[in-house]
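Q: Please take a close look at one part of this structure. A connected account is requested, with the strand pairing treated before the side-chain contacts.

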Amino acid sequence: MHATGIGASRRPARWGVIALALLPLFTVPSAVSGQSRVRDFVITAGLTGEAWWGDFSAITVPQFDSTERAQAGVGEWSARGVFSLLRRSTHRLEAALDGGIRQSAATGFRLRNYAPRENSGRLTLTYEHLLGGGVATAEATARSRRIIDHPPMPLYKHPGYDIYNVQAGYAKSVRAINVDVKVAGEQADYKPPPQLDHLDFLDRNSMVVEAGASRVFYLAADPEAYGDARDYWTLRFFGAYGYHSYPRQGRDMQRVDHALRLGATFGLRTTKLEITTTVAGIRSRSTSPRVEYNHGRVHMQATWLWDDTDVSLVGTLARKRYIQPTQDALVAGEEADNASVLYAEVTRSLGLNVNGAFRLGWRKVETNYTGAFYTRFGGGFSLSVRPWG
């Protein structure tokens, strides 16, 4: 499940502030606390340059200062960590915290230059228990996002929101076939400013049931000879049903969407190469015929591994066709999902627990009008530090 769109707020991201405030409670090294153990903790700072272009106005943005081309310099800071709260032979409990600030300075608009700031945070608790020869999992996530000084198009920003998600799953190997099932519930509460009250109509309650089956195929006749570095590929088929209700949409009949998703994932792992490709299709029907659609998506990620350098390539191609041919006035990123995305990143070790990364990214994404697109191209450099290795 995902929830994206356009919005803004002058309040800080609630869960981002909470996550950053709780970091000192978890980041005490285990040798000192004797209680919690820091599995991973990373601090990242980076600078990015971006160029945006597209000639349109957006109904979901209060300003009318749209332009054909805009540029932005971006500075960002983030901290994320994974902490082991409980670890036994049959069960474990982990917490993951992620908080960050992304400050932009934009130019190219007619009336004034904008300086949007994005505050975001996430808190996740995960519990796993060995049960009946398999693994039972329970997870709870709270995430928040706020945007200050929202710019007009084409410099596109996703909305402010509070999203809460709980899910439970079970996975087990049956005759070399790994079978898994998951049930998830989610509540998405958007936080638009007064000028964008209509974004409240995106508030959504969801329930998703997913089942899958996968198998591992080893490339060597005797995989045990390779130890932990053995080469293999995996194939997984999955299907899901989603029930999505929109409590603020519909008068005589509330809007309810029923989505069926089918897909497959292929993975390859060797000592020098990792590839994951997912192909999925969605058929969504609704009590509101306006938003009925068929959707296809291909996502690929490849990483080449060397001694001190990794090269990653990530690409997504998504196409959505609405049943109603006159469909327009969509919400970008929420109902308009036609997109082409491509990212390349080179990561190199610069010293003990210090990594540097250079990234180039390009995307062409549908705006809130069917058939209208904005394009973004950007590149930047970031440093990541692991204080405790």
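A: Two strands are taken to pair if DSSP finds at least two bridges between them. The model is predicted, and the part examined here begins with strand β5, residues 134-148.

On one side, β5 pairs with strand β4 (residues 117-131) in the antiparallel sense, over 15 bridges. Within this pairing, T126 stands opposite E139 of β5. The two strands form a hairpin with 2 residues between them, and G132 in the turn has a positive phi of about 60°. Strand β5 is also joined to strand β6 (residues 161-174) by 12 bridges, and these two strands likewise run antiparallel. Here T141 stands opposite N165 in β6. Strand β5 thus has antiparallel bridges both to β4 and to β6. In a regular strand, side chains alternate between the two faces of the sheet.

The side-chain contacts bring β4 into a further set of links. Side chains of opposite charge can pair when their charged atoms come close. The side chain of R102 meets that of E50 in a salt bridge, with an N to O distance of 2.7 Å. Because R102 belongs to strand β3 (residues 91-107) and E50 to strand β1 (residues 37-53), this pair ties together parts that are 52 residues apart in sequence. R102 also meets E118 in a salt bridge, at 3.7 Å from N to O. As E118 lies in β4 and R102 in β3, this second pair ties together parts that are 16 residues apart in sequence.

How buried are the partners? A residue counts as buried under 20% relative accessible area. R102, at 19%, therefore counts as buried. E50 is buried at 5% relative accessibility, and E118 is buried at 9%.

These three residues do not stand alone: E50, E76, R102, E118, R145, K157 and R376 are linked in a network of salt bridges. The count for the model comes to 24 salt bridges. One of the others is formed by the side chains of D180 and R236, at 2.8 Å from N to O. Since D180 lies in strand β7 (residues 177-190) and R236 in strand β9 (residues 232-246), that pair ties together parts that are 56 residues apart in sequence.

To return to the part itself, the hairpin of β4 and β5 is extended by the bridges from β5 to β6, while E118 ties β4 to R102 in β3.

How values were computed:
Residues numbered from 1 in each chain as written. Predicted model: local features only at pLDDT ≥ 70, side-chain atom pairs only at ≥ 80, totals over all residues. Heavy atoms only, no water. Helix = DSSP H or I, 4+ residues; strand = E, 2+ residues; numbered from the N terminus. Salt bridge = Lys/Arg side-chain N within 4 Å of Asp/Glu carboxyl O. Buried < 20%, exposed > 50% of the residue type's maximum accessible area, 1.4 Å probe, protein only.
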